[in-house]
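Biologist: I'm new to this one. Could you walk me through how to read a few of its features?

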Amino acid sequence: MLKATLRSFLAHKGRLALSMLAVLLSVAFVAGTLMFTDTIGSTFDRLFRSTSADVSITAHNDVAGRNDQNFSGTVPTVPASLIPQVAHIPGVAAVNGRVSMAGIVLTDANNKSIGAIGGAPTIGINWSPGPNSPVDLTSGTAPSGDGQVVVDSDTVSKHHLVLGQQLHVIGATGGFPVRLTGIATFNTTNPGATLVFLDTGTAQRRLLGHEGVFTSVDLTAAKGVTNEQLRDRVAPVVGSAYDVKTAEQTAKDAAQTLGAFLSVIKDALLGFAGIAVLVGVSLILNTFSMLVAQRTRELGLMRALGASREQVNRSVLVEAALLGLMGSTLGLFLGVGLALGLIKLIARGGMVLKGSQLAVHWPTIVAAYAVGIIVTTVSAYLPARRASRISPMAALREADTPGRGAPLRIRAVVGLVVLAVSAGLLVGAATDKDLGQAGILLGGGVLLSLVGLIIIGPLLATPVIRLVGGWFPRVFGPVGTLSQRNALRNPRRTSATASALMIGLALVASLSVVGSSMAASFDAQIDKTIGADLIVQNSTGLPFPNEVGDTVQATPGVGLAVRGQGTRGALVAADGTQQKTVVVGTSPGLDKVVRIEMRNGTVAAGTAPGHAMIGSNYADAHGLHLGSPVTILFQSGRAGTLTVGGIDVTDTNPGGLGDEPVVASSTLRQYVPGALDDIVFVNVAPGADKEQVKSALTTALAKDPQVQVRDQTDYKKLVRGQIDLLLNLVYGLLALAIIIAILGVVNTLALSVIERTREIGLLRAIGLGRAQLRRMVRLEAVVIALFGAVLGLGLGLGWGLAAQRLLAAKGLQSLAIPWSTIIAVVIGAAVVGLLAALGPALRASRLNVLDAIAHE
Amino acid sequence: MAASGQPAARAVGLCKAYGSGETAVLALDRVDVEIDGGRFTAIMGPSGSGKSTLMHCLAGLDKPTGGEVYVGDTELSHLGDRALTRLRRDRIGFVFQAFNLLPTLTAEENITLPGDIAGRRTDAAWLRQVVETLNLGDRLRHRPHELSGGQQQRVAVARALAARPQLIFADEPTGNLDSRSGAEVLGFLRRSVDELGQTVVMVTHDPNAASFADLVLFLADGRIVDRLEGPTADAVLERMRRFDVRGGSQVTLPAPDAD
């Protein structure tokens, strides 16, 4: 029996090829994702381990998170006076004061930014290599004095920098010229950060704004002393104002921050891989159904010759398992390729990983085989059971068109019930006030509606195909009629084929609805809230030196410039409970550039020195009124009690103000010295031309390439561009599911052509030309694809609508249907059909007429 | 339609070999034959005699390896696939032994299919006449699976007639039918010749079926070995028997034209 199975497997290898391709692609996606994210993880693990000092001392701060330079440009610091205190502790081999500041900018002499693009930071560090430094000076000399800099070798080679070249560094206190004196090389993979080394004094002055402070004090343990022992000796000496961590703890903390981010990426990628797997399942299920149907006679003969039901069942399952095994193995290899491709791709986005350090862990291999084999055997199970149930006699007689006329009534009832429930869930999601609950309803609704539509698909095939292919007979004559009827011949098969496409297209449609609604809502929000003519901002939202705001104010034509800052902090209630938040600072005139709805008081009063403007929700919750004292804990660790000067309406104030307190810049800087601007709103002077002022500002700010000047239109364009980028990324990830769906269409057509060989022979005999025959197959494919597109779009619009209503409370107030995307999907589906039909159509048209007529 | 007495099709020195070199099998060996227009010709012969191959060559379904085939005045051996397809579509009708109809089309759609493919409107009056002659009036909206075997073959005959081809080729048209339905279909083919002036060529191994023809050509080992005008079933059977004995051992050659 096993021999017969193997023979049959080999005999059908052509027909199984596409199923295997589906397994292969799904497995490759899963394996590639795991290898890719594992590689990122292990690269950073190595980096963190090599860059962490044996023991490091940092300032303890509850409010500011680690790596929080993103807010306000200030970081908690450690005084240099701590160094002599710890230097003589037994077991300390070396002490190093470390300055490390992310978010700085490195430019060339033409003010072009050199730093890493996108996610990877540009980090300014003091040159003070400890005993196990992660970098070595590989050429030139160490920086000394105000005007010298050493840059990491990756950045140097990427931007073709040469020793002696003039560069410009922009730190917290502003820009200053430097000369490249040396090149430092990492002894582990640097995943893309640009490292700028300055001498210690310069780093303190220029990056931290003070001499005599460090961001951390790094200790090296003496031989024979473990990091833990050293930490335990140091901690009591420095006291509770400081955190003392071993290298392992530091690396773990860093890895945890990264890990959270990585697992988001991993989950998202695996989610898309899951969709691809789902589509693959439907393809394999369909293939095995068709194969079993075609082999009814063969299986019947086996039964007649004495094979038991289980043996027939097993032979189909073994065939599936073989398919899964081969598909998984090949998929694993393709996964390596995919991971390497992803590594190349993100290298262009600024994250550099080494392909030679690709992490292939055993769980990846297990997952790959599990996915491949389980998916194929599970999908082959139903057809196998059906095969084993065939009575030998019926099989030998062979029904002409299997599956036709089988009762669909149960299907209709079950499908309608499931659809009704899912519709209920979606409506519930759209109307529920509780966001978390609505999200669960939405998830359930999406899943159930998908299942319902797949169940009811065969019943929808006839009406929908009559609709989308109704004009075929008129335009294409009998070829059109034949193709449309062929598509309707086996509604189960047609709908199974189309539903694979439906899944991908439904996701495209729903996400495009959400995306365009997001863009539209944002547009509306900008129109409603932003009164400023121009906005100066860093594209990544990072703070910038105050010289930028000074330059803006000094530019002719600028009437009012309102400078904003943001720092981390907390609102402290009377009972001492803290509510973490962002504390916003502003120079006078905020109400002239941003429209804020006030409940009590005015913006001007709220942002007067010593006062604060708070949200109505917080005010109500804590019984605060105009004139009440409110305590704010700032990121520096200092708390201040201010007077409530204004209460804004929390719910209706968009722009993320929420319950964030707003204070005067001068007040903010009183508690957070050196807090940097992160936004400047500009109103042009009366009589000045907005465009002229904009170009004047752009010119004036040329030496600060990290900031851009935008009017409201630019702002909308920027947001739209970001949404489009995200959507395109998602479409790219969905492409694999769609490719597998296309394979499914190819598969169905190819097997249909084989099934209809005699019919094709007859058609050719009575005068159907080769070109006409090809067109017939192509049109059938187009009809199937359009059927999938119609279902997918319908489903996707439903999902999108529910999601938009759900998110309306979160600011997604405008609904926008992206008609251009929808039309593109329909046209794309037709093109997909044409492409899928290429092979099968050619094959059909090449059949020898006589052989075809005589075909059994 | 070809005028009575003129050859509707003819073959001159027609050869058809399968395979090549040592293993070549000669299915047709220099066959000369004329098919008279407006008559009902039957081609008979035992399995492997080459009768189906002859029909396929005459109908432009198969390529001869030697000699010439004419349909009307058109010589077929130089025609490409496109021209042959058009020839079959416009000038020839087919009735096969089984699987004559497209399952997705109704009887009427099957009947008008060759004309529809050509983009021609089938003459309504003629269609009505054909349908009435074949007694299919109440079956036109049915799909093939709703029809009996005899009805299906009648629809196939109607399809062949509807386009008014120069020639109709019927390949064992009654092979899958019981004798009553078979006789009915043959009767219709006969009437199409007598009443509609059609030219029909039928391949069969059934002497009864052959007796409906005007002329029977006997084929053995790829040659025409005999002809019989105005056949009766008994006369045909008697001839067949004669040459089964004569042909003896050679009849058991491998059969390249699977019947």
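**Reading a buried helix residue**

Modeller: Sure! Keep in mind that this is a predicted model. Let's begin with A:Thr497: beyond its neighbours within four places in sequence, A:Thr497 is in contact with A:Asn286, A:Gly744, A:Val745, A:Thr748 and A:Ile784. A:Thr497 itself is found in helix α15 (residues 491-529) of chain A.

Biologist: Is A:Thr497 buried or exposed?

Modeller: Buried means under 20% relative accessible area. A:Thr497 has 3%, so it counts as buried.

Biologist: And where does A:Thr555 lie?

Modeller: In the loop between α16 (546-554) and β16 (558-572) of chain A. A:Thr555 is buried too, with a relative accessible area of 7%. Leaving out neighbours within four places in sequence, A:Thr555 is in contact with A:Ala696, A:Leu697 and A:Ala700.

Biologist: Let's try a strand. Which way do the residues of β6(A) point?

Modeller: In a regular strand, side chains alternate between the two faces of the sheet. Here, A:Thr122, A:Gly124 and A:Asn126 point one way from β6(A), while A:Ile123 and A:Ile125 point the other way.

Biologist: Why is strand β6 of chain A described as largely enclosed by the rest of the structure?

Modeller: Because 5 of the 5 residues of that strand (residues 122-126) are buried.

Biologist: Which strands does β6(A) pair with?

Modeller: Strand β4 (residues 100-102) of chain A pairs with β6(A) in the antiparallel sense, over 3 bridges. There, A:Ala102 stands opposite A:Ile123. Strand β11 (residues 194-198) of chain A runs parallel to β6(A), joined by 5 bridges. In β11(A), A:Thr194 is the bridge partner of A:Thr122.

Methods. Residues numbered from 1 in each chain as written. Chains lettered and ligands numbered in written order. Predicted model: local features only at pLDDT ≥ 70, side-chain atom pairs only at ≥ 80, totals over all residues. Heavy atoms only, no water. Buried < 20%, exposed > 50% of the residue type's maximum accessible area, 1.4 Å probe, protein only. Helix = DSSP H or I, 4+ residues; strand = E, 2+ residues; numbered from the N terminus. Pairing = 2+ DSSP bridges. Contact = heavy atoms within 4.5 Å.
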